[in-house]
Amino acid sequence: MNPDVERLPVIYEPTRFYVAMVGLGASKTFNQDAPLYPWRSSTTYRHVPCNTHPLCKGDKYNADGKCTCLSKYVSGSVTSGIVAEEKFTLGSDIGGLESIELLMGCAFIQENFEKYIGNNHLRGKPDLIVGISGLGSEQWSFLNQLGVVGQVKFAYCFERFNSKIEGSNTYLRFDADAIIGGVGQEVRKTPIIVSHFRPQLYYLNLEDINVGNKRVGFPRGTFKLNSQGEGGTVIDYGSPLSMMYKDHFDRVAELVKAHFNELGIEYIGSLKSFDVCFRLRGRFDISNYPSITLHFQ
């Protein structure tokens, strides 16, 4: 693959098509949601026996001697299955198909995913998203398994969060093809930090936050990842909400309250799972919502 382009949908078998959701914080190559991967129909599928691979150490195997995988998410979603080898066939932008052999987490049990993905069947729609393409920095992520082919470099255009998504035309590019911006375009960059404490995550150096045109004024180093692996700012495409420590949240919330107070809108405190709520009377122009700006290095 030179250059390498993974285009959605991803091809597992010549007659079957699936879509993979990209996960920046994921490390196992694919964790499948229904419908399950038809591994019996594949001539290149091989399960990984225990004690034959660095991924399968200690008690990470089942009664059949197959290496197992388990992934848990903060949302409470859990996926589990076995580690397998498979040949992935991808479309190339130079024409034709190209194949690469990868280790993947072939999951047969999914729990608590319905709120996020794999629930289109409840509305009579197809569940095209049946896996997560792991682009984390851990050793066995899809990104690192590409090795010299991918040069641990990728480019991906984020789409708006949509829990009802049925497909995408997004391109996921690697190596020399992972170029952001065209000729004459100004591209701003910020460093990505990888911590050996949590190598599956990507950290950014957050310096301050604005609410509208007012800066919070956090002291330098407030959001720094320290030497014990604590703190820091994680970028996670799989999380639709931004979260922060309460002390930091409270300072941002004070500016939000002040913004709406200037508009004469009543602050009513917390409501259900939301901490900062307001009562709107009559019509409200959405342009009056304050923009929240994150300032990175």
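**Strands, a helix and a buried serine**

Colleague: Strand S16 (residues 266–271) and strand S17 (residues 274–279) pair in the antiparallel sense; over how many bridges do they do so?
Modeller: This is a predicted model, in which local features need pLDDT (the predictor's confidence in each residue, from 0 to 100) of at least 70, side-chain atom pairs count only at pLDDT 80 or more, and totals for chains, interfaces and linings use all residues. Residues are numbered from 1 along each chain as its sequence is written, while side-chain values use heavy atoms, with hydrogens and water left out. Two strands pair if DSSP finds at least two bridges between them, strands being DSSP runs of E with at least two residues and helices runs of H or I with at least four, numbered from the N terminus. For S16 and S17, the number of bridges is four.

Colleague: Which residue in the turn of the S16 and S17 hairpin has a positive phi?
Modeller: Leu271 stands opposite Phe274 in S17. The hairpin has two residues between its strands. The phi in question is about 55°, and it belongs to Lys272.

Colleague: Which are the edge strands of the open sheet of S14, S13 and S18?
Modeller: The three strands have the order S14-S13-S18, with antiparallel pairing. Strand S13 (residues 206–211) is joined to S18 by five bridges, and Asn210 has Thr293 in S18 as its bridge partner. The strands that pair on one side only are strand S14 (214–215) and strand S18 (292–296).

Colleague: At what angle to S13 does helix H2 (residues 246–262) run?
Modeller: Helix H2 lies across S13, S14 and S18. Axes are lines fitted to C-alpha atoms, for helices over the stretch in contact (heavy atoms within 4.5 Å), and angles run from 0 to 180 degrees between N-to-C directions. On this scale H2 runs to S13 at about 15°.

Colleague: Is Ser42 buried or exposed?
Modeller: Ser42 is found in the loop between strand S3 (16–23) and strand S4 (46–47). Buried means under 20% relative accessible area, exposed over 50% and partly exposed in between, with a 1.4 Å probe and protein chains only. Because its relative accessible area is 9%, Ser42 is buried.

Colleague: With the side chain of which residue does the side chain of Ser42 make a polar contact of 2.7 Å?
Modeller: A polar contact is a pair of N or O atoms within 3.5 Å; within protein, one must be able to donate a hydrogen and the other to accept it, and residues adjacent in sequence count only if both atoms are side-chain atoms. The side chain of Ser42 reaches the backbone nitrogen of Thr44 at 3.2 Å, and that of Tyr45 at 3.2 Å. Its side-chain partner lies 44 residues apart along the chain, with 8.5 Å between the C-alpha atoms. This partner is Glu86.

Colleague: What is the average pLDDT of the protein?
Modeller: Over residues 1–22 the pLDDT stays under 50, although the model has 82 contacts for them beyond four places in sequence. Residues 28–34 also have a pLDDT below 50. In the protein, 75% of the residues score at least 70, and the average is 77.
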